[in-house]
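Please open the structure in your viewer and keep the selection tool at hand. The stops below each give something to select, followed by what is there.

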Amino acid sequence: AAGLNVCSNGAGGPQSCSFSYTPGAGVSLVAYGLPGSGFGAWTGACAHRGTAPTCEVTMTGDVVVGATYLGPQTLTIEVVSSENGVGQAFVNTNGGINLLCEGAPGTTVTCTAQVPVGDTVYFSAFPGNLSVLDSIVGCTADPFDPNGSGCYPGFVMTGPKAVAATFRGPQTLTIQAVSLENGVGGVYANSTGGMNLQCDGVAGTTATCTAEVRRERPMMRKSS
């Protein structure tokens, strides 16, 4: 039978199709996933083509060709709080999936999305107030910026994937103004992050003042 022949399966089970061709005929096969799914790999006479979407066979006898397909894969996003750090992680894909994962102090928040095989995922993470982005695990952010980073270019979903962003919280600055022989004075502190603290001493005692200061982390870039 000449012309185009189509064999498609439904979710949850295999589908077998048979077509007849003239002995010696060349047959071109093209595999494609339906919406929400992706082509996995060839089996049978086209197994040597692996994950390539096309295959050519010659009808020297009965030929069996199989194609496997994968449904949406789970993308897991973790927003990890270290020392009460907070922040947000964002995901968007070429296929139109958008996900916001909001962190919480002192715990790990987990968010998931179902992403079709072959879709490209873009991940970014930004710290909240008095926090810094400490690390991203699961994709490469280069350069890495503690004020916010993303993994670009994105990564392609080929199976289940997990990405984690860790945010580190503020550090405590303690200042003591100590009075010796009733001496008095004050200490003034300010930070690049905008913290300002004035600690005035008191005669005959020790004045203690504290402030929460945003932890600084240098920008890093991979060596080439």
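In which loop is Asn 182 found? Before selecting anything, please bear in mind that this is a predicted model. Now select Asn 182, and you will find it in the loop between β13 and β14, where its phi is near 65°, a positive value in a residue that is not glycine. Asn 182 counts as exposed, because its relative accessibility is 55% and the cut-off for exposed is over 50%.

Add Glu 181 to the selection, which has its place in the loop between β13 (171-178) and β14 (186-190). The phi of Glu 181 is near 50°, again a positive value in a residue other than glycine, and with 84% relative accessibility Glu 181 counts as exposed. Most residues other than glycine have a negative phi, and most peptide bonds are trans.

The next two stops concern peptide bonds. Select Asp 142 and Pro 143, and look at the bond that leads from the one to the other: this peptide bond is cis, with omega near 5°. Pro 143 is placed in the loop between β10 and β11 (149-156). Then move to Tyr 152 and Pro 153, which are joined by a cis peptide bond with an omega of about -5°; here Pro 153 is found within a strand, namely β11.

Now turn to a sheet, and display strands β8, β5, β12 and β10, which in that order form an open sheet of four strands with mixed pairing. Strands β8 (108-115) and β10 (132-137) stand at the edges, and since each of them has a single partner strand, one side of each is left without a neighbour in the sheet. Going from one strand to the next, the twist averages 15°.

Stay with the edge strand β10 and its pairing with β12, which is antiparallel and runs over five bridges. If you select Val 132, its bridge partner in β12 is Arg 168. Is Arg 168 buried or exposed? Arg 168, which belongs to strand β12 (residues 161-168), counts as buried, because its relative accessibility is 17% and buried means under 20%. With the side chain of Arg 168 shown, select Ser 82 as well, since the side chains of these two residues are joined by a polar contact of 3.2 Å.

At the other edge of the sheet, select Thr 112, which lies in strand β8 and, at 48% relative accessibility, counts as partly exposed. How far apart in space are Thr 112 and Glu 78, C-alpha to C-alpha? The distance to enter in your viewer's label is 8.8 Å, for two residues that are 34 residues apart in sequence.

For the last stop, switch to a surface view and select Val 6, Val 30, Tyr 32 and Leu 34, which make a nonpolar surface patch of about 400 Å². Among these residues, Leu 34 has its place in the loop between β1 (26-30) and β2 (38-44), and with a relative accessibility of 44% Leu 34 counts as partly exposed.

Key. Residues numbered from 1 in each chain as written. Predicted model: local features only at pLDDT ≥ 70, side-chain atom pairs only at ≥ 80, totals over all residues. Heavy atoms only, no water. Helix = DSSP H or I, 4+ residues; strand = E, 2+ residues; numbered from the N terminus. Buried < 20%, exposed > 50% of the residue type's maximum accessible area, 1.4 Å probe, protein only. Polar contact = N/O pair within 3.5 Å; in protein donor to acceptor, adjacent residues only side chain to side chain. Pairing = 2+ DSSP bridges. Axes fitted to C-alpha atoms, helices over the stretch in contact; angles between N-to-C directions. Patch = residues over 30% accessible without salt bridge, like charges linked within 9 Å, V, L, I, M, F, W, Y side chains within 5 Å. Areas by Shrake-Rupley, 256 points an atom, 1.4 Å probe, with all protein chains shown as cover. Salt bridge = Lys/Arg side-chain N within 4 Å of Asp/Glu carboxyl O.
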